[in-house]
Amino acid sequence: MKNILFASIALAAAVAAYAVDAKAPAAPVREFKSVNIEVKGNKIWTPSFFVVKKGDKVKITLINTADSGVHAFSIEGIPGTEASVDNKEGANTKTVEFTAQTPGIFRIYCPIHPGHVGGQLLVLE
């Protein structure tokens with residue numbers, strides 16, 4: 001009887017330990033690449049429209065190929081998404097990473113050159 005009691009306690013402890021170790025599935029990581037190009041004097045990050053879901057981890061790799069120098073990227077209302085990207089080899093790539101926390105449409109723009117073509121981030125519920 002004593003052995004059955006100890007076996008039951010050991011089994012219960014193992015099940016409890018497994019339940020504590022079991023984690024909710026990690027939020028998916030949505031990875032994008034956006035390239036800054038210049039066409040007839042117009043600068044744009046392309047693609048410039050991104051769709052993710054609330055809770056997604058987002059990673060956007062920015063590559064500046066425009067001949068006109070440094071360009072920047074920022075998503076209005078989402079801290080940590082601003083990056084300045086040079087066009088010189090070895091310095092022309094930056095990455096912004098964040099978790100999409102609030103559903104809505106967020107403006108993407110160049111904080112250095114506000115007149116450049118912008119984009120949008122759509123965060124779905």
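The exercises below work through side-chain contacts in a predicted model.

**Exercise 1. Determine how many aromatic pairs the model holds, and classify the geometry of the pair formed by Phe 32 and Phe 50.**

Step 1. Applying the ring-centre criterion gives a count of two aromatic pairs.

Step 2. For Phe 32 and Phe 50, the ring centres are 5.0 Å apart and the planes meet at 70°; since an angle over 60 degrees counts as edge-to-face, that is the class to which this pair belongs.

Step 3. Placing the two residues in the fold, Phe 32 belongs to strand E1 (residues 29–39) and Phe 50 to strand E3 (residues 49–53), so the pair ties together parts that are 18 residues apart in sequence.

Step 4. Burial is judged against a limit of under 20% relative accessible area: Phe 32 has 16% and counts as buried, and Phe 50, with 1%, counts as buried as well.

**Exercise 2. Describe the aromatic pair of Trp 45 and Phe 73, and state which strands it ties together.**

Step 1. The rings of Trp 45 and Phe 73 lie 5.9 Å apart, centre to centre, with 90° between their planes, and the pair is edge-to-face.

Step 2. Because Trp 45 lies in strand E2 (residues 42–46) and Phe 73 in strand E5 (residues 71–75), the pair ties together parts that are 28 residues apart in sequence.

Step 3. Both Trp 45 and Phe 73 are buried.

Step 4. Leaving aside residues up to four places away in sequence, the residues that Phe 73 touches include Trp 45, Ile 60, Leu 62, Val 96, Ile 108 and Tyr 109. Tyr 109 also takes part in a charge-ring arrangement, with the charged end of Arg 107 sitting over the Tyr 109 ring at 4.1 Å from its centre.

**Exercise 3. Identify the residues with the most contacts inside the largest nonpolar core, and the element that gives the most to this core.**

Step 1. The largest nonpolar core has 19 residues, and those with the most contacts inside it are Ile 60, Leu 62, Phe 73, Ile 75 and Leu 121.

Step 2. Among the elements that give two or more residues to this core are E3, E5, strand E4 (57–64), strand E7 (93–99) and strand E9 (119–124).

Step 3. The element that gives the most is E4, with three residues.

**Exercise 4. Count the salt bridges, and examine the burial of the partners in those formed by Lys 43 with Glu 38, Glu 125 with Lys 54, and Lys 88 with Asp 86.**

Step 1. The count comes to four salt bridges.

Step 2. In the salt bridge between Lys 43 and Glu 38, the closest N and O atoms are 3.6 Å apart; Lys 43 is buried at 16% relative accessibility, whereas Glu 38, at 32%, is partly exposed.

Step 3. Glu 125 and Lys 54 form a salt bridge with an N to O distance of 3.8 Å. Glu 125 is in the segment after E9 and Lys 54 is in the loop between E3 and E4, so the pair ties together parts that are 71 residues apart in sequence. Glu 125 is exposed, with a relative accessible area of 70%, while Lys 54 is partly exposed at 43%.

Step 4. Lys 88 and Asp 86 likewise meet in a salt bridge, at 3.8 Å from N to O; here Lys 88 counts as exposed at 53% relative accessibility, but Asp 86 is buried at 19%.

Terms used
Residues numbered from 1 in each chain as written. Predicted model: local features only at pLDDT ≥ 70, side-chain atom pairs only at ≥ 80, totals over all residues. Heavy atoms only, no water. Phe/Tyr/Trp six-rings, centres within 6.5 Å; stacked < 30°, edge-to-face > 60°. Helix = DSSP H or I, 4+ residues; strand = E, 2+ residues; numbered from the N terminus. Buried < 20%, exposed > 50% of the residue type's maximum accessible area, 1.4 Å probe, protein only. Lys NZ or Arg CZ within 6 Å of the ring centre and 35° of its normal. Core = buried A, V, L, I, M, F, W, Y, C linked by side-chain atoms within 4.5 Å. Contact = heavy atoms within 4.5 Å. Salt bridge = Lys/Arg side-chain N within 4 Å of Asp/Glu carboxyl O.
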